[in-house]
Amino acid sequence: MAFRLKIVPDVTNYNFFRWQSLTFGISAVAVTISVVLLLTMGLNFGIDFRGGTTIRTESPTAFEVSDYRTALSDLDLGEVSITEVFDPSFGENRHVAQVRIGATEDTQAMTPEQIASVEAALKTVDPEIRFAAVESVGPKVSGELIRTAIYAVVAASAGILLYIWLRFEWQFAVGGVAAIVHDVVVTMGIFSLLQLRFDLSTIAALLTILGYSINDTVVVFDRLRENLIKFKSMPLIDVMNLSVNETLSRTVMTAVTTALALTALLVLGGDVIRGFVFAMLWGVLIGAYSTMYVAKNIVLWLGVKRDWSKPDPDALPDQFTTQP
Amino acid sequence: MLHIPLWKRVLILAVFVIGLLWAAPNLFYARVEAHNDALVEAEKAGFVSDAQQAAIKLWPNWMPSGLVNLGLDLRGGAHLLAEVHTEDVYKARMSSLWPELRRALADQREVLGAVRRLPGPADQLQVEIENPDQMAKAVEIARSLSTPVVTLTGAGQSDLAISASGKVLTIQLSDAEKSATDDRTIQQSLEIVRRRVDEVGTREPTIQRQGADRILIQVPGIGSAAELKELIGTTAKLTFNPVIGRSNDANARPGVGNVLLPSQDEPGVYYILEDTPVVSGEELTNARPSFDQNGQPAVDFTFNPAGARKFGAYTAANIGQPFAIVLDDEVISAPVIRDAITTGSGQISGSMDVAGSTQLAVLLRAGALPAEMTFLEERTIGPELGQDSIDAGRIASIVAIIAVVAYTIASYGLFGVFASIAVVTNVILLLACMSAIGATLTLPGIAGIVLTVGTAVDANVIIFERIREELRRGRRVAAAIDNGFQEAMSAIIDANVTTFIAGLVMFFIGSGPVKGFAVTLTIGLVTSVFTAIYLTRLMIVVWYEWRKPKQLVL
């Protein structure tokens, strides 16, 4: 017998509904807390959504954030925040800071003169400073970016809902979409709780979570549909348990490979995309969870038509009664 | 059963080999890039220099030379999102219509009485007629100046919306004409921005229309967004106007049909000019930097025949009069006409340095922007940051592939090797597709590739798990493999279509990082379905035919 690494045994018979009320409770609480957090603490919007300017500085010598702040305080820039960026991949002589300046004008991005004055002020503190990236987004666009981002998430959900509805039954579509809404809301809750920067990249990550989560859910649904036809008299809850158990090793296998790949990126991919990768990694975990504990439970509650072999008699038109 | 016809095997291998060939240039990125650049330069110049010849030899001509386009976040460069003020053009149309309308109405003075333009919104022409009972006649005259709109949606409509109330005749552009004009303005602005950016000769700039009135400009390799803005943001509207007088008063009233414009190099001096120019920059055929008789930087220009005729006629009739050269609503100079200039060429000199005269020549040659632009978004990414991101992304991708391959082989043994080959092929095909269609790889795109590596295993896993199940049920090896593939199909298709939907939405709605990510994600989905369904299957079938196993441990 050759060696095989098996995290999940060949045949499992876990009862995924044993802690149904507990897991559902956890999900409900997590979603509620997330919504409350989003409403109270809000999101730490990046300049994409808030407008303003970020300047990424790099210097071979160490610096004090307070020195930078003092240098910029005379310029009358409005809201300025300066953070030092740490990354294991930076060597000894690489010191990176992120300077964020709130939007100052009504319609336009920051003027080149303003940016030049900021750069000049920082150069007086540290002559060796370099400006690795300067990005400026006007408030007019940032509002639109928020709107298109919301459209993107809604449109993607709607497309997925429609496809599952066509391929399966409406109960599956509702269950699947409830699961992705759950994932997206909880992820945004985490971003709010930890005050991680929320920008366009985060939206890309959210959309990936959406795609990944639904991918996972659909594989289980597919098996469920197959088993529903195969075991016509088995109670729905048992068929569901069977289906999840049968696909469990695949769910875990895929989650692990994806998580491995993303962890590599999280550790080695550099600080620029760390937030983005964090969101995706989190999404993979929560996507696997929501497949097992959210999507199915909703389908169970809604119930499904069991027999696909015969057409639904109610849906057939009454051919003879329409004759005069 | 487990049978793949020969033609299919050849086809699958052909796709694999073609993918390999198309992806190969990316391994030698710098060399291929030098080769491609040299080819383009040589074609532009019409001859091949030795340095270019050497660069061309860096990569064989028979090999594909398409590269994955690196996005600004990886290469460094500047990104601008500009908004074009399309309503500027309405204003220009109205002010150029006024002299024409005045002439037409004045011809009927005995019927209409005196005519004068009322102050009002700039995109409207409000004209007061002395005899309101003759308004119908005035409307008829105004209507004779309009022309039908030539667009698909606006067919049958006239370009002017004319209305009358009491003594006032109001003319503005009709809605159909406004939207047609907006469209033309954006097209024209795009073209001019493209020409201006091309003049500085950077590699593969992206200049795209976005939405109704936006232009997205991305130029790799340029130092900063400010630099780019300076180049494309200048209007460069050049006109030659008759001079009425000079003034030191910024609030002087120029009178009807005239404008008051400041002098560029004499502070506090204003010129009163006729509003309607004699010749404008649109009639230039060439402009190049030069020096004037005092050795100061200047710009030489040449008119087209129509422009030359007008210029000649005016200068002949106005010898001894000053003539203003106006650039972007500033008088550059107002020389006195010494004699008629009939050659159609002239010179602009003023206070500028060599760089200034070069840039002015570029701007004049490319033409004026039809409307003003404001910049809504500016991003500059330094080249070092981009290189860092590429290096980090490359290492992360390699480590990710190794980790995934190790885990897959540990889980499925030989079949894991097949799956791993499929996953690596998947990345190669992904890069090949991107090179072939010239798609742009961005930093989130690298994340997309890494995620694709993670999920590409998924289709294989679904198949292998099915085969395991079939084996547990006691099926024979061939039947188990065959059933496994068949049963897995619907799950693979459904799962990938849903992700594909999310990817397409990201591509079409998203911008910037969202789009960059969507590109690799959607292409990666297609290639991963191909590799899982065809390539893995081919490898398994070949292995089965060769070993004829009685037993399969999976």
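Select I467(B) in this predicted model and display what surrounds it: setting aside neighbours within four places in sequence, I467(B) is in contact with F415(B), A480(B), I481(B), G484(B), F485(B), L552(B) and L554(B). Three of these names are worth keeping highlighted, since I467(B), F415(B) and I481(B), along with F172(A), F276(A) and F464(B), are the residues with the most contacts inside the largest nonpolar core, which has 144 residues. To follow that core further, select helix α16 of chain B, residues 513–547, which supplies its largest share, 17 residues. A second core, separate from this one, has 23 residues and can be found by selecting V89(B), L190(B), I215(B) and L231(B), which are among its members.

Next, select helix α14 of chain B (residues 443–472) together with helix α7 of chain A (residues 200–230), whose axes come within 12 Å and cross at roughly 10 degrees; α7(A) and α14(B) are therefore roughly parallel to each other. Show side chains here, and T208(A), Y212(A), N215(A), V219(A), R223(A) and E226(A) of α7(A) will be seen to meet L451(B), T455(B), D458(B), I462(B), R466(B) and E469(B) of α14(B). By class, this contact comprises four nonpolar, three polar and five charged residues.

Finally, stay within chain A and select helix α1 (residues 20–40) and helix α6 (residues 170–194), whose axes come within 8 Å and cross at roughly 50 degrees, so that the two helices are oblique to each other. The crossing of α1(A) and α6(A) is left-handed. Residues making the contact include A30(A), S34(A) and L38(A) from α1(A), and V185(A), G189(A) and S192(A) from α6(A); the contact as a whole has nine nonpolar, five polar and no charged residues.

How values were computed: Residues numbered from 1 in each chain as written. Chains lettered and ligands numbered in written order. Predicted model: local features only at pLDDT ≥ 70, side-chain atom pairs only at ≥ 80, totals over all residues. Heavy atoms only, no water. Axes fitted to C-alpha atoms, helices over the stretch in contact; angles between N-to-C directions. Helix = DSSP H or I, 4+ residues; strand = E, 2+ residues; numbered from the N terminus. Parallel < 35°, antiparallel > 145°, perpendicular 65-115°, else oblique. Left-handed = near helix turned anticlockwise from the far one by under 90°. Contact = heavy atoms within 4.5 Å. Nonpolar A, V, L, I, M, F, W, Y, C, P; charged D, E, K, R; others polar. Core = buried A, V, L, I, M, F, W, Y, C linked by side-chain atoms within 4.5 Å. Buried < 20%, exposed > 50% of the residue type's maximum accessible area, 1.4 Å probe, protein only.
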